[in-house]
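Dear colleague,

Here is the structure that I promised to pass on to you. Please open it beside this message, so that you can look up each place as you read.

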Amino acid sequence: MTDRMPDIVSADEWGLFEDSPLKVISGPCSAESEEQVMRTARQLKEAGIKVFRAGIWKPRTYPGSFEGVGAAGLEWLKKVQAEYGLKVATEVACERHVRECLAAGIDLLWIGARTTANPFLVQEIADALVGTDAIVLVKNPVNPDPDLWAGAVERIYRAGIRKLGIIHRGFSTVDRKVYRNDPLWSMAIEMHSRFPDLPFFVDPSHIAGRAEYVSEIAQRSLDLGFEGLMIESHCNPAAALSDAEQQLTPSQLGEMLSCTLVVRSKDSDSPQWKNNIHELRARIDILDEEILRMLSSRMEVSRQIGRYKKENNVAILQTSRWDEVLASVLEKGRAQGLSESFIKDIFNTIHEESVEAQNRILSGPSSGRQ
Ligand code: PEP
Ligand code: MN
């Protein structure tokens, strides 16, 4: 499903990133003191950053953790604008935050993951944005629910916001693996395809949870062609009052941006590239058609089996048969260089569809002898 939003203003036109090839928003997880904000902002400016972020209202898991400096931080952000000419961004979680930020001239607002998960709050924020020309980014909800994310985007869009974008920051999981949040890239890609007009940012810091993984996630995002990054950076990460483990120093960030990351272009003008890519895509199209034809034939055989089972009064599920099929395709797939999880996903989906089709036959009207 594609939700076209043709009147969305491209991020190039937001007046925030000048003509940087990569749009980067960076700054500390939290504004902690005027000194920390100003020092980090100055160092980030030196690293080439144009948009400075800092959370002033912090949604923390436990009470008693540092919950942000509140509206006092707005004054520091104004000072960052005035002294360093940087644009500034902060997180809003309710109507009051929106009003205070807009009154203070904050350039970009984002809705955090915990807020996106709550339609009441998103609607309240949307109502407060009506009639404004605010720039708003919507992070994904903490849980991997693309519809909840899409619904939040829709609410802000319906409020008339056209400088609108999304941020992928990974999803909470029960069993935390290497990264703090599961990147679930397939869901990010699904959102990107669903809202092709919306500028798409990735927040590698909150996916990573540790500074050492930020660069590989940022590179993955660039490889996928997403257009912006939000990365946490602090003048002294070890002393940060929130998310200390995942913040980079401004100089680490500068080095990563200028030396480590490879920015990919969206397209290439080279005639040879165009020719080759055209040919390769044509081959993919043909293969996809063949896959569809084969799937259709397979389903037809599966329905024949269903009718035969019905005639003989045999149950649909024969687990041992399916175990054999799966083991056999896994072995053959491995021999052809295909990953186990890929083969499992595909064949389990095919199996589910076959069982569904046979179910319909079994519960449908009987023909012939019965
Ligand atoms: C943040 O950006 O500091 C933050 C709280 O992020 P998230 O909403 O993604 O957890
Ligand atoms: Mn943070």
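Below I describe the ligand site, then the aromatic rings, and lastly two places in the backbone.

Please keep in mind throughout that this is a predicted model.

I begin with the ligand. Which residues surround ligand 1? The shell is made up of Cys29, Arg53, Lys58, Glu91, Trp110, Gly112, Ala113, Arg114, Lys139, Arg169, His206 and Glu232, and when these residues are sorted by character they divide into three nonpolar, two polar and seven charged. Among the charged residues of this shell, Arg114 places a polar side-chain atom 2.8 Å from an oxygen atom of ligand 1, while for Lys139 the corresponding distance to an oxygen atom of the ligand is 2.7 Å, and for Arg169 it is 2.6 Å. Taken on its own, ligand 1 has 290 Å² of accessible area, and the protein covers 97% of that area.

The next topic is the aromatic side chains, of which the structure holds seven pairs. One pair that you may like to find is Trp14 with Phe201, whose ring centres are 6.4 Å apart and whose planes meet at 10°, and since planes under 30 degrees apart count as stacked, this pair is stacked. Trp14 belongs to the segment before strand E1 (23-27), whereas Phe201 belongs to strand E7 (residues 200-202), so the pair ties together parts of the chain that are 187 residues apart in sequence. Both Trp14 and Phe201 are buried. Elsewhere, Trp149, Phe171, Trp185, Phe200 and Phe226 form one aromatic cluster. A ring can also have a charged group over it, as with Tyr157, where Arg162 lies over the face of the ring at 3.7 Å from its centre.

Finally, I would ask you to look at the backbone. Most residues other than glycine have a negative phi. Against that background, Leu184 has a positive phi, near 35°, and Leu184 is found in the loop between strand E6 (163-168) and helix H7 (185-194). Asp243 also has a positive phi, near 50°, and its place is in the loop between strand E8 (228-232) and helix H10 (250-260).

Are these two residues buried or exposed? Leu184 has a relative accessible area of 29%, so it is partly exposed, whereas Asp243, at 18% relative accessibility, counts as buried, because the cut-off for that word is under 20%.

With best wishes

Key:
Residues numbered from 1 in each chain as written. Chains lettered and ligands numbered in written order. Predicted model: local features only at pLDDT ≥ 70, side-chain atom pairs only at ≥ 80, totals over all residues. Heavy atoms only, no water. Near = heavy atom within 4 Å. Polar contact = N/O pair within 3.5 Å; in protein donor to acceptor, adjacent residues only side chain to side chain. Areas by Shrake-Rupley, 256 points an atom, 1.4 Å probe, with all protein chains shown as cover. Nonpolar A, V, L, I, M, F, W, Y, C, P; charged D, E, K, R; others polar. Phe/Tyr/Trp six-rings, centres within 6.5 Å; stacked < 30°, edge-to-face > 60°. Helix = DSSP H or I, 4+ residues; strand = E, 2+ residues; numbered from the N terminus. Buried < 20%, exposed > 50% of the residue type's maximum accessible area, 1.4 Å probe, protein only. Lys NZ or Arg CZ within 6 Å of the ring centre and 35° of its normal.
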